[in-house]
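Biologist: Could you take me on a close look at one part of this model, the largest nonpolar core? I'd love to hear how the pieces around it fit in.

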Amino acid sequence: MAEDSVGRIWMGSVQSGLAMFNPKTDEYSLIGKDVLASDSILRLVTDKYNHIWVGTPKGITIINPDAATYSRPEIKDGISEQRVTSMTMDKEQRLWISHGNSFDIADLDNKTIATIKNIPGMQVYKFDGMFCDSKDNIWLASLTDGYMNAVDIHRHQLYIFHDIPPKQTNVVTGLSEDVYGHILLSGLTGVRIFDIAGRSLKDITVFKFDNFVNNKIIQNITDKNGNTWLATSLGLYIYKQNPLLEEHIGDLNISTICMDSKGVIYAGSNKGLVLIDRTQKTMRTLGLKGGLVDDNIQNVVSLPDGRIDIGTNGGFSIIDNSHRHIENFKGPVWYANITDHTGKLWICGRDGIDIYDQQKKTITHLGTENGITACTDIMVDNLDNIWLTKRDGTFSIIDAQRKTIQELDLHLTPPGNTLTTVILHDGTSANRWIGTPKGLFIIDPAKKTALQFAVPQGLADETVISLLKRGDTVYAGTNKGVSVITMSGKGAGALKTVSFGREFGLEKINVGYWLTDNFTNDGKYMWGDKGISILNLAGNMHHIEPDVYISSFNLMDEPAYFTTPVNGNGDSTLKYNTSGKVLGPYNLPANLEIPYHESSLQFSFTSHSTFKADTTWYRYMLTGTDKTWRKKTSETTTGNYYNLSPGWYTFKVEATANDGTWGKPAVFNFQVLPPWWQTWWARILFVLLFAGLIWMIVYYRSLSLIRSKKLLEQKVAMRTQEVLEQKEEISAQRDSLEQTVTELKQTQSQLIQSEKMASLGELTAGIAHEIQNPLNFVNNFSEVNAELIDEMQQEIANGNLDEVKAIATDIQENEKKINMHGKRADAIVKGMLQHSRAGSGEKEPTNINKLADEYLRLSYHGLRAKDKSFNAEMVTHFDDKLPLVNILPQEVGRVLLNLFNNAFYAVSQKKKAASADYKPTVTVSTSLDGDQVVITVKDNGMGIPDAVKDKIMQPFFTTKPTGEGTGLGLSLSYDIVVKGHSGEILVNNSVGGGAEFVIKLPL
């Protein structure tokens, strides 16, 4: 395969010729025998002129795809042989062509070909693989005898290496260089990697690809990201070297691992315990036949005294450091163990815990009877408390000194989960670190809180299978890598994490094991899986900048494709104005301009870290729309941005680095064009049109003003004449008006006098009418008495003493009536004098409650003095918070006295006609209503008929019988309250019978 400068992919096959694919236009074409020298393509090379060199067993074909031409160089043109076995291009654009017995060097700039048939030391000239590395060395792999040659072009030196290709076959199918400067040599049995540091070449390791369908590699190529692409007969594979790996040991399924003080590795498996001495390069297996209680190893721990404790499916064994003595303790499946400060060994397993006293050689069991169920991990903290994790997701804390067990029911794992939970005490705080199938939890036992730390926070994978501590750093082993965690503060945000995952080749093949990882004595990480990998994590903690690219975008929910025009010709895929330029590996248009009516976009992006796709997080923003970065996501497609307003926009997207930080964003700029009426030229046009319109308006307005001026002058002249005429008319009307005003004043004086006389006549008539009745009685009874006196004198003369006495009695009765009616006339006159008298007193602040209470008592006792049989209940409700009111106390007292007299009279009259259980009651209350003082006088007497309620305030109107009222009391009260104090007096009938008078006085 080869890629030309415009992104077209050229693919050669063994029997089907040459194919070309254009990923930007989805065009596919096949080039056959009419162009090629042969259908069997062995090598493809592109030069700087964008020519495609096609090597076949029958010659070379040079294709110029831009001009749609081709040529076939022949021997007469300088080619030493037609047959081609391999080709490569060096840095100076010289093409190296391998033939059967020689190789040619074609200088494309000078158009010369040099044939090399004899290089001192080179024994063969037929090469199946040719490759130019980054230092411009030409690597030549021979098809026979296992020779490997390296030609240093600049120093003119030749390096020959023997027996380099895979020993099973001499066929070399491909050469490439990785990012570390190693040469990768592929063949029909796999790949070998060579280190050329120091200008020497040695075989450093042979990799076995367990996930390959087969190892028959046809060709390999390494891209700029360090990924090696391996083409096989049954598929395409990607291999990336692990920079962390220092050594890989064995291929057993590792279930647990540890190292003793001598550097011996103890690796547990389902086939026994493997003892690995890296110094002596020895490896031996110890199992049931070798003295252990079982072959299936669950956990291996190095004890403080150098012995090794081994937990198995059949109990546990302890081996001394000389490997000569084994103590076996048969029992259930044991998963993990620790040693407390007393030297006792605590071992947890399927049936609970066994405590082994190594001095007394005794075992104490704690099981369900003690509240301990199946345990998966055990840990001792700095207070010597024993922590247990159980399969049901709960935790037990054992205080060995107090012999107590505390349950910590946090339920961090899902119900029914059978995966193991691991536990760690960091040694620097009260926190416990719990690894679960749902991430890492940091437990504060005192607060009973759990802080979760999972993939979104930087963890390599949710399922934590190992927790290790070295120094101030915690190492969380997962099925998909190792996370190195340091604490820089409080909270999940203070955890700084660097994860090494699939991009470093770390992914568990044997999923389901736990506690598989550990440290070597010199701080290297032992990754237990299919074999043991020794990893240098500390030496690879550097920041790895993620690469992120904007790969495509949709316009109006449809994909938009762009490509660079060829030979000045436009391309149909350039749907919008892009200035004819596209950028980057995904051909994004430069300075994209989008019409305003198609301004709905959706972006897609990707990272070229092939093996990190499942742990890469992204965040993005569109400046001009988004104020901040959108929430991080693992999705590689944004939401839709609908109906963007005209203007410039910048889309940015970032990816997380290996340490959780954000890398350099990928940026894409574009512009949403405004509609034509919002463009600059449209605005200028609108300004010109507006200016022209203003000029026309001004011009026609000027003409109109000239015409209006002439009309106005005519109207002014006519109006002036009219005004003069109107002036004369107004002068005459003014004289007439003055005379009329004089007459009106005279008439007004007459009307006022008439009104006074009418009022006086009305008042006089009222007084005369009211006084007439008592005067008539006085006159009538006086005349009757005069007649009776005459009769009495006559009877005296007759000596009729009895008749005289009777007449004297009548005269006496008549005199009483004369006196009564005289007093009534006197009361009427006094009432009129009071009614007409203008108050000359001054207002003063007065306590209304005290004034009302005083006149209430005065009225009651005055009535009692006239009628000893009269009795009534007095009820008062005075507001104590009532302020002083500025009034005329005597005048308001007269009003209250009148109302109290009327109330007592009303209940007295009802008493005479009511039943025995009737209780006369007069209620007086005061209150504050806003800026008014309210006095309410209420009785339960006969009440006031609705027909006369509107008349009771009129002078001389009374509801009392003749001789008992003057009809001036309420009229006088109305004048005092309303006219004298600007207040109100209201009258209502009570709900339960009787009358209610309400007086409102302003403060």
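Modeller: Happy to! In this predicted model, the largest nonpolar core has 39 residues, and those touching the most other members are Ile848, Leu896, Phe900, Phe904, Phe997, Ile999 and Leu1001. At least two core residues come from each of α3, β61 (885–887), α4 (889–913), β62 (921–929), β63 (932–939), α5 (969–981), β64 (984–989) and β65 (995–1002). Of these, α4 gives the largest share, with eight residues. As a general background, nonpolar side chains in soluble globular proteins tend to be buried together.

Take Leu1001 as a viewpoint. Setting aside residues up to four places away in sequence, Leu1001 touches Ile848, Ile887, Val892, Val933, Ile935 and Val977, and also Asp931, Gln932 and His981. Ile848 is thus a good place to turn to next, since it leads us into α3.

Helix α3 covers residues 848–866, 19 in number. From first C-alpha to last, α3 reaches 27 Å, close to the 27 Å expected at 1.5 Å a residue. Which residues of α3 are buried? They are Ile848, Asn849, Leu851, Ala852, Tyr855, Leu856, Ser859 and Tyr860. These buried residues cover an arc of only 165° around the axis, so they sit on the same side of α3. The spacing makes sense: an α-helix has 3.6 residues a turn, so residues three or four places apart point the same way. On the other side of α3, you will find Lys850, Leu858, His861 and Ala865 exposed. At the start of the helix, a side-chain oxygen of Asn847 comes to within 3.1 Å of the backbone nitrogen of Asn849.

Apart from the largest core lies another one, of 31 residues, including Ala336, Cys375, Val464 and Ile465. Two of those names, Val464 and Ile465, are also contacts of Thr478. Beyond its neighbours within four places in sequence, Thr478 also contacts Ala460, Asp461, Thr463, Lys508 and Trp527. Thr478 belongs to strand β45 (residues 473–478) and is buried, with a relative accessible area of 0%. Its side chain still has polar partners: a polar atom there lies 3.1 Å from the backbone nitrogen of Lys480, and the side chain of Thr478 reaches the backbone oxygen of Gly481 at 2.8 Å.

Another buried threonine is Thr389, with a relative accessible area of 1%, in strand β37 (residues 385–390). Here the polar contact is between side chains, joining Thr389 and Thr376 at 2.8 Å.

Definitions and conventions: Residues numbered from 1 in each chain as written. Predicted model: local features only at pLDDT ≥ 70, side-chain atom pairs only at ≥ 80, totals over all residues. Heavy atoms only, no water. Helix = DSSP H or I, 4+ residues; strand = E, 2+ residues; numbered from the N terminus. Buried < 20%, exposed > 50% of the residue type's maximum accessible area, 1.4 Å probe, protein only. Polar contact = N/O pair within 3.5 Å; in protein donor to acceptor, adjacent residues only side chain to side chain. Contact = heavy atoms within 4.5 Å. Expected span 1.5 Å × (residues − 1). Arc of directions from axis to C-beta. Core = buried A, V, L, I, M, F, W, Y, C linked by side-chain atoms within 4.5 Å.
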